[in-house]
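Here's a walk through one chain, strand by strand and ring by ring. Have the structure open while you read.

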Amino acid sequence: NQGHKVMMFNREMSNPEMIRKLIVMEGDNLSYTSVRKGDLNGSADLFESASESVTNKYKDKLLMFDDVRTLDQAMVEISRHKPDVIIDDYIQLISMSDDKERRHQIEEIVYDYKWICKKENCSAILVSQLNREIEKRYEPRPRLSDYSESGVIEQTAECALFVWYGYVFDDEEYSPYKSEIISAKVRYGKVGTTEVGFNGDRCSFYNNEADARQDTPQK
């Protein structure tokens, strides 16, 4: 939206699946569930209009890769295209050529991203797994110690953010239309939590729960 060039490494999801999400986000009254199933229920025109909008809006500004497996390959693409923003989803799926312990490999991944961002004057959003300890706690909201594999993530990152969606832990206590963005580390700001709206069938976050509920596709 701001005109920056964004490079995305889709390591878990295919590019076509990510495009479907973008189309749902850009379109009006489109359901991600219906789009995935290919059942548009009279929404074909909305789908085509949103597809055209995505093509025009993201042309030359969004580069996506779903076949880049190694860290070296990623660094080559970043140096070649020089994006403003990099999104890597997710770093535990990056293949490494050495036989080091996985925590040392994660450390190398994070440090290499730190240096490439400095070299190319860009920013990186690195998605990470969390360990399983979160499932054993009475209070399952994530914290810095929950990063999977290595503490180097929390030490090196400028910001450490968690998305907390309580509905998946207790669908009776938590609303499916509310989420929390937890700022566990902010090098040049304040830590804290912000409640936001979320609608999974629209692949979108909102300012509040009411907006998320209102943006439910009509059957």
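Strands β6 and β7 are joined by a hairpin that runs through 5 residues. The model is a predicted one, and in it these two strands run antiparallel, with 6 bridges between them. If you want a spot to look at, find S183, which stands opposite G192 in β7.

Carry on along the chain and you meet another hairpin, this time formed by β7 and β8 with 4 residues between them. Look at C203 in that turn: its phi is positive, at about 55°. Here too the strands are antiparallel, and 3 bridges join β7 to β8 (residues 204–206). Across this pairing, F198 stands opposite F205 in β8.

F198 also brings us to the rings. Which residues do ring pairs link into a cluster? They are Y165, Y167, F198 and F205. F198 itself counts as buried, because its relative accessibility is 17% and the cut-off for buried is under 20%.

The structure holds 7 aromatic pairs. Two of them are set out here:

| Pair | Centre to centre | Angle between planes | Type |
|---|---|---|---|
| W164 and Y174 | 5.9 Å | 85° | edge-to-face |
| Y165 and F198 | 5.0 Å | 75° | edge-to-face |

The W164 and Y174 pair links distant parts of the chain: W164 is in strand β5 (residues 159–164), while Y174 is in the loop between β5 and β6 (178–186), 10 residues apart. Is each partner buried or partly exposed? W164 is buried, at a relative accessible area of 2%, whereas Y174 counts as partly exposed at 22%.

As for the other pair in the table, Y165 sits in the loop between β5 and β6 and F198 in strand β7 (residues 192–199), so the pair ties together parts that are 33 residues apart in sequence.

Now for a residue elsewhere in the chain. S31 has its place in the loop between α1 (15–26) and α2 (32–37). Loop or not, S31 is buried, with a relative accessible area of 7%. What does S31 contact, leaving aside its neighbours within four places in sequence? V24, D201 and P217.

Finally, a word on confidence. The mean pLDDT of the chain is 92, and 99% of its residues reach 70 or more. Among the elements, strand β3 (residues 85–89) has the highest mean pLDDT, 98, and helix α6 (residues 152–156) the lowest, 85. As a general habit, don't read predicted coordinates in detail where pLDDT is low.

Methods: Residues numbered from 1 in each chain as written. Predicted model: local features only at pLDDT ≥ 70, side-chain atom pairs only at ≥ 80, totals over all residues. Heavy atoms only, no water. Buried < 20%, exposed > 50% of the residue type's maximum accessible area, 1.4 Å probe, protein only. Contact = heavy atoms within 4.5 Å. pLDDT = per-residue confidence, 0-100. Phe/Tyr/Trp six-rings, centres within 6.5 Å; stacked < 30°, edge-to-face > 60°. Pairing = 2+ DSSP bridges.
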